[in-house]
Amino acid sequence: TRILVLHGINLDMFGKRDPATYGSATLAEIDERLRALGRELDVDVTCFHSNIEGVLCERIHQAFRDAVDAVVINAGAWTHYSIGIRDALAILKAPVVEVHMSNVHAREEFRHRSVFAEIVRGQICGFGIDSYLLGLRAAASAARQA
Ligand code: DQA
């Protein structure tokens, strides 16, 4: 079972960026936790980050060609407005799990809307790193049911 974890815009600044909202873990630490959980769940975890929308879209196209079994995505602010990333995700046959570190619904109104909502299998937000870890568990389970 191969699961691709995608991180979008500004998420490489986790650890430096607003620790009250996002905690102190760096993206490298988050990826390490995800790979460790992947070993525990016996799934193959690949992590990828870009601050460039087109690069993330091309990585999603690659995931389609590779026929990965599931995708976990935290697209950062792109969540709220990128139809380009939504359309790329919609190409995938595999289940997509959307995650956010913060509880986006308890924040500014512009964060309440996810343009991915209609096309993802489900969403997890508000649990910090655990949002990613729960997302990976959900993705592994969804992939196995597929
Ligand atoms: C985020 C929430 C987004 O609204 C924000 O733009 C981010 C991070 C989160 O993980 O809580 O960059 O996706």
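**Serine 102.** I looked up serine 102 first and found it in the loop between β4 and β5; helices (H or I, at least four residues) and strands (E, at least two) are DSSP runs, numbered from the N terminus. I then noted the source: this is a predicted model, where local features need pLDDT of at least 70, side-chain atom pairs count only at pLDDT 80 or more, and totals for chains, interfaces and linings use all residues. Residues are numbered from 1 along each chain as its sequence is written.

Is serine 102 buried or exposed? I put it down as partly exposed, because it has 18 C-beta neighbours inside 10 Å. The cut-offs are 20 or more other C-beta atoms within 10 Å for buried, 12 or fewer for exposed, and partly exposed in between, with C-beta atoms placed from the backbone.

I listed the contacts of serine 102 (C-beta atoms, placed from the backbone, within 7 Å). Leaving out residues up to four places away in sequence, serine 102 touches Thr21, Tyr22, Arg107, Cys125 and Gly126. Tyrosine 22 is 80 residues from serine 102 in sequence, yet 6.4 Å away in space, C-alpha to C-alpha.

**Ligand.** I looked up which residues surround the ligand, counting a residue if its C-beta atom, placed from the backbone, lies within 6 Å. Ser102 is one of them, along with Asn10, Asn74, Gly76, Ala77, Thr79, His100, Met101, Val104 and Arg111. I sorted this shell into three nonpolar, six polar and one charged. Here Ala, Val, Leu, Ile, Met, Phe, Trp, Tyr, Cys and Pro count as nonpolar, Asp, Glu, Lys and Arg as charged, and the others, Gly among them, as polar.

**Core.** I turned to the largest nonpolar core (buried Ala, Val, Leu, Ile, Met, Phe, Trp, Tyr and Cys residues joined through C-beta atoms within 7 Å). It has 33 residues, of which Ile3, Ala70, Val71, Val72 and Leu136 touch the most other members. The largest share, five residues, comes from β3. I checked valine 71: beyond four places in sequence, it touches Leu4, Leu6, Ala63, Leu92, Ala94 and Val96.

**Whole protein.** I counted five helices and five strands. From the N terminus the order is β-α-α-β-α-β-α-β-β-α. Buried residues make up 34% of the 146 residues. The C-alpha trace spans about 35 × 35 × 25 Å along its principal axes.

**Confidence.** The mean pLDDT (the predictor's confidence in each residue, from 0 to 100) is 97, and 100% of residues reach 70 or more. I noted ipTM 0.99 and pTM 0.98 for the model.

Notes: Contact = placed C-beta atoms within 7 Å.
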